[in-house]
Amino acid sequence: MRTFYIIVIIVTAALFPAGDDNLKLGGYLESKMNYFDGKSEVTSSNALFRLEGNYDISDKGKIEAHLLYYYNLQPLDPFHTFKEGSIYYKLINTYFNELYGSLDPVQQDVIDELMDIYSSGYFSHISYSSFYPKETLVLDRALIKLYFDSADLVFGKQQIAWGTGYAFNPTDVWNIKDPLNAEAAKIGVLAANLSFYFGENSSLQVISSPGSDFDHWKYGARFKSTAGRFEYSFSGIRDKTDDGELLGIPEKLQMGADLSGEIVNEIGIHAEAAFFNPRYNGMEMSDTDSSYVQITAGFDYTFNNGLYILGEYYFNGLGEKSYKDYDLQTFTRLSGGEMSGLAQNYSALVLSYIFLDDYTASILNIVNLDDVSSVLIPGLEYSFHENISIKINSNIFIGDSETTEYGGIFNSVTFSVTGFF
Amino acid sequence: MRISVSILFVFFACSSFALTVDEILDKSEANDNFKTSYSVNTEEVYKSDGSVKISKMEGYSANGNEKTLMIYTEPKRISGMKILMLNDGDDIWFYSNRTNRVRKIASHQKKQSANGSDFSYDDMSMSDNRKDYNYSLSGEEVFGDAECYKIMFSAKNGDNSYSKFYIWIDKANFLARGGEFYDDENNLWKKLSVRGIEKKDGYWTASEVEMRDVQKDSRTVIRTEEIKFDIELDEDMFTERYLKR
């Protein structure tokens, strides 16, 4: 598969003559080193190469392709950041115990032997060795845009960004989340995306994303417009996907709305709300017994001295009020991108300040208001050059390690350098 | 973007009799009567440590400066980023090509530095300062080599970018030649200088605008490499639809 992509790149480059003003190539290289303050003091390193290509065919259309090429030196266990006895540790153990229990004795013996090897520490070196494949190629975007008089069609793998929230986006349900990597950016979704434009600032977007059969196609529409100093939208989605089938996420209907604008004293406000009606086995789509809502509301402001502040509240109707109710389904809903936290109530606070021209200090704090645990992410970014930035940030988790969502995760420090080309 | 900031009022006509401050400002703003414009600009940010950062952008405007679209072409970090300003800068949208997301920014974000320069988005936009500030003619002075009207603007409330500022408007051509801007504590913050004034396609314009931050000891120079007026532009350029193209 890798060879295929490389051939595509070479052929593409060969097709477009050098110096063609319509072809724009760019992207960035990002190199990261992470240190986890766990009991075994794990380190990991990642390199990411992002190649962005855009070709303006004419005023009638455009081709766009973005490739992400990762090289990861990291532990084999994707859940290495969780403390023993933590909520996540227990949930993962429950899952494996259930899986183990469903195996026959011969299969269990094989697992036992593998576990013995794993416990000996042998596996901890495998994924760092030069023999282990560490490269991943991801096609984030590969699309063709067609421009009509009153409509644009975007056909292919694309980023579809819905919603106005910053830390929490209940209506941003198109792009794909990696269930094994909570920090990974969402990648584009394969879809046909048709937008009709009318009036000065109004549009109607109709999207369909294919699946294994028509029953597993995802359909959605969104109307967006402005009113005075506010922008708003209404959306609806019928969501049944093959990812959902694998993760046990049911078919559901979603109705959403969002707005952004400003109120007195130039304070910016934003909000998103989504009503979900899942259909579990045996239910009709008209049954609303399992319906729930997710709501985000926030504000932001820049003081005259340059300090930027953003606050956000998130209500997650799919989450649990108490940590005792967290179960495998809760974990699957989180990792599958159905919600942004295990609990029901969250707050987020962002402070950002530029000083000495080239330095940006920031801090992000997300609090689980139900179990009163939080993650604090202080960061410092230095603009070494117009196209090179150096960043250091830390994830500091606060809370009881066995009874709270964030308290059970190891602290970490990340150092990264990014160069744009 | 045509080199022109909110405090750059331009020439219309010269008159020999005493003018009121509104008449001076009306004449100054009246030069924005071009239908459309296109420009290529270079922005040089000179830091206090001696380093220089350079950005390049293309600018389009329509109905004077009522509608403005800026597209950054350099540096690569922000290449493709677009800023759409409508209603003389009252409404601003940002487009990031990396996330494919368009965001309408609230007015408070206009106070933020535009791409790390000494200009804020408020400076870059065409906001009607007469709406947000009290203003009066504070005298007549020589600024550079030009006889000028000196006009003082003082903030109506604490939400404005500046507590007060002065603008010097050339008596001969009603073009702004310079300015001084004061922070919340009434200390001098920034100084504006306008250079290279010439007529292009029948419109007075400046080929170089400098904003100096006297508190940080940095300065930003915006040079116009190319400018055209009254060219054919598609009105759709100034819409969210175009930002995503």
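## Backbone turns in the loops of chain B

In this predicted model, B:N63 counts as partly exposed because it has 16 C-beta neighbours inside 10 Å, a number that falls short of the 20 or more required for a buried residue. B:N63 is placed in the loop between strand 2 and strand 3 of chain B, and its phi is positive, at about 55 degrees, although it is not a glycine. A positive phi is worth noticing because most residues other than glycine have a negative phi.

B:D230 also has a positive phi of about 55 degrees and is not a glycine either. Its place is the loop between strand 13 (218-229) and helix 4 of chain B, where B:D230 is partly exposed, since 13 other C-beta atoms lie within 10 Å. A further backbone feature is found in the loop between strand 3 (67-74) and strand 4 (82-86) of chain B, which holds B:P75: the peptide bond that leads from B:E74 to B:P75 is cis, with omega near -5 degrees. For comparison, most peptide bonds are trans.

## The buried interior

The largest nonpolar core has 41 residues, and those with the most contacts inside it are B:L84, B:I151, B:I167 and B:I169. Strand 9 of chain B gives the most to this core, with 5 residues. Another core lies apart from it and has 21 residues, among them A:A167, A:Y346, A:I409 and A:F410.

B:I151, which belongs to strand 8 of chain B, shows what burial looks like for a single residue: it counts as buried because 24 C-beta neighbours are found inside 10 Å. Beyond its neighbours within four places in sequence, B:I151 is in contact with several residues, including B:V21, B:I24, B:L137, B:Y166, B:I167 and B:I169. B:Y135 is another of these contacts, and although B:I151 and B:Y135 are 16 residues apart in sequence, their C-alpha atoms are 6.9 Å apart in space.

Helix 1 (residues 21-29) of chain B has buried residues as well, namely B:I24, B:L25, B:K27, B:S28 and B:E29. What covers them includes helix 3 (129-132), strand 8 (146-155), strand 9 (164-170) and strand 10 (176-182) of chain B.

## Chain A as a whole

Chain A contains 6 helices and 18 strands. The radius of gyration of chain A is 23 Å, close to the 22 Å that the globule rule gives for 421 residues, so chain A is as compact as a globular protein of that length. Along its principal axes, the C-alpha trace of chain A spans about 65 × 55 × 55 Å. Of the 421 residues in chain A, 27% are buried, and among its contacts between residues at least 6 apart in sequence, 52% join residues at least 24 apart.

A:P105, in helix 3 (residues 105-119) of chain A, offers a contrast with the buried residues: A:P105 is exposed, because it has 6 other C-beta atoms within 10 Å, and a residue counts as exposed at 12 or fewer. The C-alpha atoms of A:P105 and A:Q329 are separated by 27 Å, and the two residues are 224 residues apart along the chain.

## Paired strands in chain A

Strand 14 (residues 345-355) of chain A is joined by 8 bridges to strand 13 (residues 308-316) of chain A, and these two strands run antiparallel. In this pairing, A:G311 has A:L349 of strand 14 as its bridge partner.

Strand 14 of chain A also pairs with strand 15 (residues 359-368) of chain A, again in the antiparallel sense, over 10 bridges, and here A:S347 stands opposite A:V367. Strand 14 and strand 15 of chain A form a hairpin with 3 residues between them, and A:L356 in the turn has a positive phi of about 45 degrees.

## Where the chains meet, and how confident the model is

In the contact between the two chains, 26 residues of chain B touch 25 residues of chain A. On the side of chain B that touches chain A, the elements that give two or more residues are strand 2 (52-62), strand 6 (101-105) and helix 4 (240-243) of chain B. By class, this side of chain B has 3 nonpolar, 10 polar and 13 charged residues.

The model scores ipTM 0.79 and pTM 0.86. Chain B has an average pLDDT of 87, and 92% of its residues score at least 70. Over residues 1-16 of chain B, however, pLDDT stays under 50, and for this stretch the model has 63 contacts beyond four places in sequence.

Definitions and conventions:
Residues are numbered from 1 along each chain as its sequence is written. Chains are lettered from A and ligands numbered from 1 in the order in which they are written. This is a predicted model: local features need pLDDT of at least 70, side-chain atom pairs count only at pLDDT 80 or more; totals for chains, interfaces and linings use all residues. Helices (H or I, at least four residues) and strands (E, at least two) are DSSP runs, numbered from the N terminus. Two residues are in contact if their C-beta atoms, placed from the backbone, lie within 7 Å. Ala, Val, Leu, Ile, Met, Phe, Trp, Tyr, Cys and Pro count as nonpolar, Asp, Glu, Lys and Arg as charged, and the others, Gly among them, as polar. pLDDT is the predictor's confidence in each residue, from 0 to 100. The radius of gyration is taken over C-alpha atoms; the globule rule is 2.2 Å times the number of residues to the power 0.38. A nonpolar core is a set of buried Ala, Val, Leu, Ile, Met, Phe, Trp, Tyr and Cys residues joined through C-beta atoms within 7 Å. Two strands pair if DSSP finds at least two bridges between them.
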